[in-house]
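Visitor: I would like to go through this structure with you, one question at a time. Could you show it to me before we begin?

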Amino acid sequence: FGYEGDPMRLLFAKSASPHHGFAAFYTYLEYIFKADCMLHFGTHGSLEFMPGKQVGMSGSCYPDRLISVLPNLYYYAANNTSEATIAK
């Protein structure tokens, strides 16, 4: 996330906010690049690990606020059996 110290603690800190680079990137994709949707690939995307609440998200949570109105297609890699079972 671009912070010094222990970056893992920021994942669960409700008072933390994403690095400005994340906001700039998603703003660029929507307004400059004019993307039709977001595609995320893999087992863990940076969007799902934004600081703060990570379950039961609402429209005021960072992942939703960063994506805005663009559809989010998340292709989860199922080759990691234990995590794919949990995700399923």
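The conversation below turns to the fold, the surface, the cysteines and the backbone of this predicted model.

Visitor: In what order do the elements of the chain run from the N terminus on?

Guide: This is a predicted model, and its chain has four helices and two strands. Taken from the N terminus on, these elements follow one another in the order α-α-β-α-β-α.

Visitor: What percentage of the residues of the chain count as buried?

Guide: A residue counts as buried when its relative accessible area is under 20%. Cysteine 61, with a relative accessible area of 9%, is therefore buried, whereas cysteine 37, at 28%, counts as partly exposed. Of the 88 residues of the chain, the share that counts as buried is 25%.

Visitor: How many disulfides does the structure hold?

Guide: A disulfide requires a pair of cysteine sulfur atoms within 2.5 Å. Cysteine 37 is partly exposed and cysteine 61 is buried, but accessibility is not part of that criterion, which rests on the sulfur atoms. By this criterion, the number of disulfides in the structure is zero.

Visitor: Which residues form a nonpolar patch on the surface?

Guide: One member of the patch, isoleucine 32, has its place in helix H2. Since exposed means over 50% relative accessible area, isoleucine 32, with 61%, is exposed. The patch has about 490 Å² of accessible area together, and the residues that form it are Tyr28, Tyr31, Ile32 and Phe33.

Visitor: Where is lysine 34 found, given that its phi is a positive value?

Guide: Most residues other than glycine have a negative phi. Lysine 34 is a residue other than glycine, yet its phi is near 60°. Its relative accessible area of 59% lies over the 50% cut-off, so lysine 34 is exposed. Lysine 34 is found in the loop between helix H2 (20-32) and strand E1 (38-42).

Visitor: Is serine 68 buried, partly exposed or exposed, and what is its phi?

Guide: Serine 68 is found in the loop between helix H3 (62-67) and strand E2 (72-76). Its relative accessibility of 35% falls between the cut-offs of 20% and 50%, so serine 68 counts as partly exposed. Although serine 68 is not a glycine, its phi is positive, at about 65°.

Visitor: What percentage of the accessible surface of the chain belongs to carbon and sulfur atoms?

Guide: The accessible surface of the chain comes to about 6200 Å². Of this surface, the part that belongs to carbon and sulfur atoms is 61%.

Note on methods:
Residues are numbered from 1 along each chain as its sequence is written. This is a predicted model: local features need pLDDT of at least 70, side-chain atom pairs count only at pLDDT 80 or more; totals for chains, interfaces and linings use all residues. Side-chain values use heavy atoms; hydrogens and water are left out. Buried means under 20% relative accessible area, exposed over 50%, partly exposed in between (1.4 Å probe, protein chains only). Patches are made of residues with over 30% relative accessible area and no salt bridge: like charges are joined within 9 Å, nonpolar side chains (Val, Leu, Ile, Met, Phe, Trp, Tyr) within 5 Å. Accessible areas come from the Shrake-Rupley method with a 1.4 Å probe; for residues, only the protein chains shown count as cover. A salt bridge is a side-chain nitrogen of Lys or Arg within 4 Å of a carboxyl oxygen of Asp or Glu.
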